[in-house]
Amino acid sequence: MTTDDTPAIAAYGLRKAYGHTTAVEEVSFSVPRGRVLGLLGPNGAGKTTSMRMLLGLASIDGGRAHIHGRPYAELDEPARTVGAVLDAGGLHPGRTARQHLRIAASMAGVDDTGVQPLLDDTGLTAAADRPIRTYSLGMRQRVALATALLGDPNVLVLDEPANGLDPAGTRWLRDLVHAFAARGGAVLLSSHILAEVAHVAHDVVVIDHGRVVGGGRVDELTDEHGGDLESFYLRLTGENAGVI
């Protein structure tokens, strides 16, 4: 049973190992309604694995992952509750964006009358009837985002959603996430683009080597580090090569 103070997204001491390799160890975070949490960390830190456990795509060796107080597998209407973008490369190259969205709507039990508005909202209308194999990475990312929004969910889980987007697309994504949260939605997103995270997220959690190493409110962290989220991130992770 959920209450008003139940986080929309929550991870409690998540653990995951692949053989003798520990991918995630005691990872905890939460996202209230109306907030955007940026999940940060180097490649291989455990961000995507944590998201996959949250969405029931990877088994959990320890801890719990909840959406509105329940495991993903126990949600009554998952497509109407959670929208996710984990890999824009999994789209069928021979289908058009319109065909993909109609098929996805049918599989999710969602009315496909929302397909055209989503094509409009994601800027895909002009290319909607071209094969996806002709799309740039940024366009495929827009298809994936449109798919995530099909069921009008109140939770979004986005793994590197700005990957491949040009500056206009990045601004569009920022506006979309802001509007979604302003309506009371909760967003969990991972990104290596720290300047963009500073613009879009209310809070951040930093993971390194499978463990949470820090986090907090973005406005407080940037105030403490001269308006620079990157300095905070690099101090925690010890990365000296810079950030993408």
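Q: What makes the contact of Arg142 with Trp172 a charge over a ring?
A: The charged end of Arg142 is 4.6 Å from the centre of the Trp172 ring. The term asks for NZ of Lys or CZ of Arg within 6 Å of the ring centre and within 35 degrees of the ring normal. Arg142 is therefore counted as sitting over the ring of Trp172. This is a predicted model, where local features need pLDDT of at least 70 and side-chain atom pairs pLDDT 80 or more, while totals for chains, interfaces and linings use all residues. Side-chain values rest on heavy atoms, without hydrogens and water, and residues are numbered from 1 along each chain as its sequence is written.

Q: Which residue lies over the face of Tyr12?
A: Arg64 does, at 4.4 Å from the ring centre.

Q: How many aromatic pairs does the structure hold?
A: Zero. A pair needs rings of Phe, Tyr or Trp (its six-membered ring) with centres within 6.5 Å; planes under 30 degrees apart would be stacked, over 60 edge-to-face and the rest tilted.

Q: Why is the space lined by Pro161, Ala162 and other residues called a cavity?
A: On a 1 Å grid over the protein atoms alone, a cavity is a set of points where a 1.4 Å probe fits but cannot get out, whereas a pocket is an open set with protein on both sides within 12 Å along at least five of seven lines; lining residues have an atom within 4 Å of a point. The space is counted as a cavity because it meets the first of these rules. One cavity of 30 Å³ or more is found, and the largest cavity holds about 90 Å³. Volume here is the space filled by probe spheres set on the points, joined across faces, edges and corners.

Q: Which element gives the most to the lining of the largest cavity?
A: α6, with four residues.

Q: What is the volume of the largest pocket, and which residues are closest to its centre?
A: The volume is about 740 Å³. Of its 27 lining residues, Ala84, Ala104, Ala144, Thr147 and Ala148 are closest to the centre. α3 (97-108) supplies at least two lining residues; in fact α3 gives the most, five.

Q: Which residues line the second largest pocket?
A: Among them are Leu118, Asp121, Trp172, Leu176 and Arg183. This pocket has a volume of about 190 Å³, and α6 brings the largest share of its lining, four residues.
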